[in-house]
Every structure is written in C-alpha cells, then in structure tokens.
Amino acid sequence: MTMTPRNSVTSHVQVVDSHTGGEPTRVVIAGAPPLGEGSLQDRLNLLRDEYDSFRAGVVCEPRGSEVIVGALLCKPVDPEATAGVIFFNDVGYLGMCGHGTIGLVTTLAHLGRIKPGKHAIETPVGTVYTHLHDNGSVSVQNVLSYRHRSDVTVDVPAYGQITGDVAWGGNWFMLVKDHTFDLKIENRLNLLAITTAIRSALADEGITGKGGALIDHVELFAPPSNPENSSRNFVLCPGASFDRSPCGTGTSAKLACMHASGMFAPGMEWRQEGILGSVFVGTVKETPEGVIPTITGQAWITAESTLIFDPTDPFRDGIRFE
C-alpha cells in the first residue's frame, strides 16, 4: 500500500453516482484540479502526472472501491460537443468506457443539462456520439474498433494454452471463446484468477496491442443464460475487478472480431449478456479499417454526494493496493 502526499487544505468534490447494468460510474461534476483547455489526452496526462492523488481519492477506498469507474466531466475542445470526459479507476486511466459514457449521459440528463437527442462526448481516444432516448436508454456510437490479431495462443501457468483474439474497442482486449470455464457469478473468484493469469501471461510473453500497448482487459465468452441473448461474458478490468455490466468497449471489440471473421454485418443485432444478466445491444457500421459499433444500454442514478478531503485524514488520498 502506498500513499501520496496530503494537501494542506480541506477540499470538497461533488459527484453523482450511477450504475449501468450493475457497473457503477462516479461522475465528478465540481471540485476537480485545474487541467486547462488542451486536448482530452493532454488533460489526462496532466491529471496523471500532477494530480493522480485526486483520481485515487475519488475512486479508491475509503470513499470508493476497486469496481467504481470515475468520470471527470470536462469542458470539450469542440464547442459543438456536449461534454468532455476522462475515465479512470482504482489503478489508472481508461481511454474510453462504454458503461461510463452511458452513466455520464444519464447523469447530465438527471442534472437537467441535456434533453433526449444526440450528444457528442469527447474522450482521450476520440469523440463518441451518443443518443439519449425518451425511455432513458442511451446509445453510444463508439470509436473505430478492430481486430489486431486472431487466434493468439498463450501459455498460462496452471491453466495450459489459451487461444483468443486481440482487439481494440476503446481499450485493449484479449477475447477468449473456447474454454471450459463456467461463467456464473458464484464462480467470480475463480474467473478473476483465470483472467488475471491470462493477462499476466500475455505480458510475460510480450503479447500486446498495436504499438506495444498493454492488453489490460481479458474477456471470456460462453452461451447466454437467456436464449433471447447472443452470448454471455465475463470481463476482467484493469486492476483486480470484473465488469458487472456486459462492458461497452468489450462488446465493441467482440463485434469487431466477429465482423473480421465474416460473422457479423451491418443490419444485424448482437445482445451481449453480462455476468449479472444485464444486456447491451450492439450494431455496427463498416469502415475500411474495422467497424464503428453502437452500444445501447441503460443507467440509473444512485446518489448525489460531496466527497470531503480532510488534510488530517491519513487516507485522504485513497488507499492503493499496489
């Protein structure tokens, strides 16, 4: 466990919490450090390099937990965009987050800042286009998604050889379809151990995403529990947490892989079932480089609160289990 130096004054951070298909999002609406008005990637870099204790304090224990995804609401660069956002969790930063974007749009509607319709949201990996529907559901047109490598085999200690595809859906994924693991919530500890071992083996063998990027998500697939759905998944997130939702970027990566194999085309619909049984619906548009997925789901507001950062609190800047 490590801690960062404490600041000298008490500060307050206003947040709105929600969950998307069971996966929580904490949107920071006031009290963030000054990050300027550069690109979202520049602001992410500044947050990481100069104010990382803010990230940890917002989402790590004792105020948060390993499952919470933070979403820092930012002024967009493009005045036509509705908002900018930087996503983060207990161990670092996310390029894009599908469930988090649904939670962000739902939060903006809850605050009365937007109405049903189309809204552009800037992220560090590009602008995503959302549609808040009249029934409260949100569609997210994600960034370009593509399969980077197919049928990659890795030797995983204690589990043997595991084969899957490496794909980008806004984050880097190893997607595994052929396995013997039972994707049930009561098996979550075993599934966490398995997927963590796969991720470690990928790193040990130097298997990466494009440009040497770390593969920090591992996704297992199996037949759905509800026959109306297309598939069931279990997704290991960066750190030691699993996605309670069907995972927006993971579903995007899945659609990209199926499209690359000729198994999924525009006009088709994919119903991705998560480990809790909640569902995201996915479609795609074709591009020469891959697909542009659209993921639809729904979020619910769970809290409005003020986080207090007291300089006398020994865990003011969060507890980091590193």
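In this predicted model, helix α3 is mostly covered, with eleven of its 13 residues buried. The buried positions are Gly98, His99, Gly100, Thr101, Ile102, Gly103, Leu104, Val105, Thr106, Thr107 and Leu108. The length of the helix agrees with expectation: at 1.5 Å a residue, the 13 residues of α3 (residues 98-110) should span 18 Å, and the C-alpha atoms at its ends are 18 Å apart. Gly112, which follows α3, has a positive phi, near 80°.

Helix α1 (residues 40-50) has Leu40, Arg43, Leu44 and Leu47 among its residues, and these four are buried. They lie on the same side of α1, because the arc they cover around the axis is only 105°. Asp49 and Glu50 are exposed and are carried on the face turned away from the buried side of α1. The elements covering the buried residues of α1 include α2, β3, β4 (83-88), β5 (93-94) and β6 (117-123).

Within helix α2 lies Phe54. This residue counts as buried, its relative accessible area being 10%. Apart from residues up to four places away in sequence, Phe54 touches Val13, Val28, Gly31, Ala32, Pro33 and Leu47. Leu47 is also one of the buried residues of α1. The C-alpha atoms of Phe54 and Gly318 are 8.5 Å apart in space, although the two residues are separated by 264 residues in sequence.

The largest nonpolar core contains 59 residues, and those with the most contacts inside it are Phe87, Val154, Met174, Leu191 and Ile198. Helix α4 (residues 188-204) gives the largest share of this core, seven residues. With neighbours within four places in sequence left aside, Ile198 is in contact with Val156, Ile162, Met174, Val218 and Leu220. A second core, separate from the largest, has 19 residues, including Val15, Leu40, Ile68 and Tyr93. Leu40 is one of the buried residues of α1.

Six aromatic pairs were counted. In one of them, the ring centres of Tyr159 and Phe181 are 6.2 Å apart and the planes stand at 90°, so the pair is edge-to-face. Tyr159 is in the loop between β9 (146-156) and β10 (160-168), and Phe181 is in the loop between β11 (172-176) and α4, so this pair ties together parts that are 22 residues apart in sequence. Tyr159 counts as partly exposed, at 35% relative accessibility, whereas Phe181, at 18%, counts as buried. Phe234 and Phe242 form a stacked pair, because their planes are at 25° and their ring centres 5.3 Å apart. Both rings belong to buried residues: the relative accessible area is 0% for Phe234 and 5% for Phe242. One aromatic cluster is formed by Tyr146, Trp168 and Trp172.

Charged groups also sit over aromatic rings. The charged end of Arg244 is placed over the ring of Phe242, at 3.9 Å from the ring centre. Phe242 is therefore in a stacked pair with Phe234 as well as under the charged end of Arg244. Lys254 lies over the face of Phe221, and its distance from the ring centre is 4.2 Å.

Several backbone features depart from the usual pattern. Most residues other than glycine have a negative phi, and most peptide bonds are trans. The peptide bond joining Glu61 and Pro62 is cis, with omega about 10°. Pro62 is located in the loop between α2 (52-59) and β3 (69-74). Asp151 is not a glycine, yet its phi is positive, at about 50°. This residue belongs to strand β9 and is exposed, with a relative accessible area of 61%. Ala158, likewise not a glycine, has a positive phi of about 80°. Ala158 is placed in the loop between β9 and β10, and its relative accessible area of 82% makes it exposed. The loop between β9 and β10 also holds Tyr159 of the edge-to-face pair.

Conventions. Residues numbered from 1 in each chain as written. Predicted model: local features only at pLDDT ≥ 70, side-chain atom pairs only at ≥ 80, totals over all residues. Heavy atoms only, no water. Core = buried A, V, L, I, M, F, W, Y, C linked by side-chain atoms within 4.5 Å. Buried < 20%, exposed > 50% of the residue type's maximum accessible area, 1.4 Å probe, protein only. Helix = DSSP H or I, 4+ residues; strand = E, 2+ residues; numbered from the N terminus. Contact = heavy atoms within 4.5 Å. Phe/Tyr/Trp six-rings, centres within 6.5 Å; stacked < 30°, edge-to-face > 60°. Lys NZ or Arg CZ within 6 Å of the ring centre and 35° of its normal. Expected span 1.5 Å × (residues − 1). Arc of directions from axis to C-beta.
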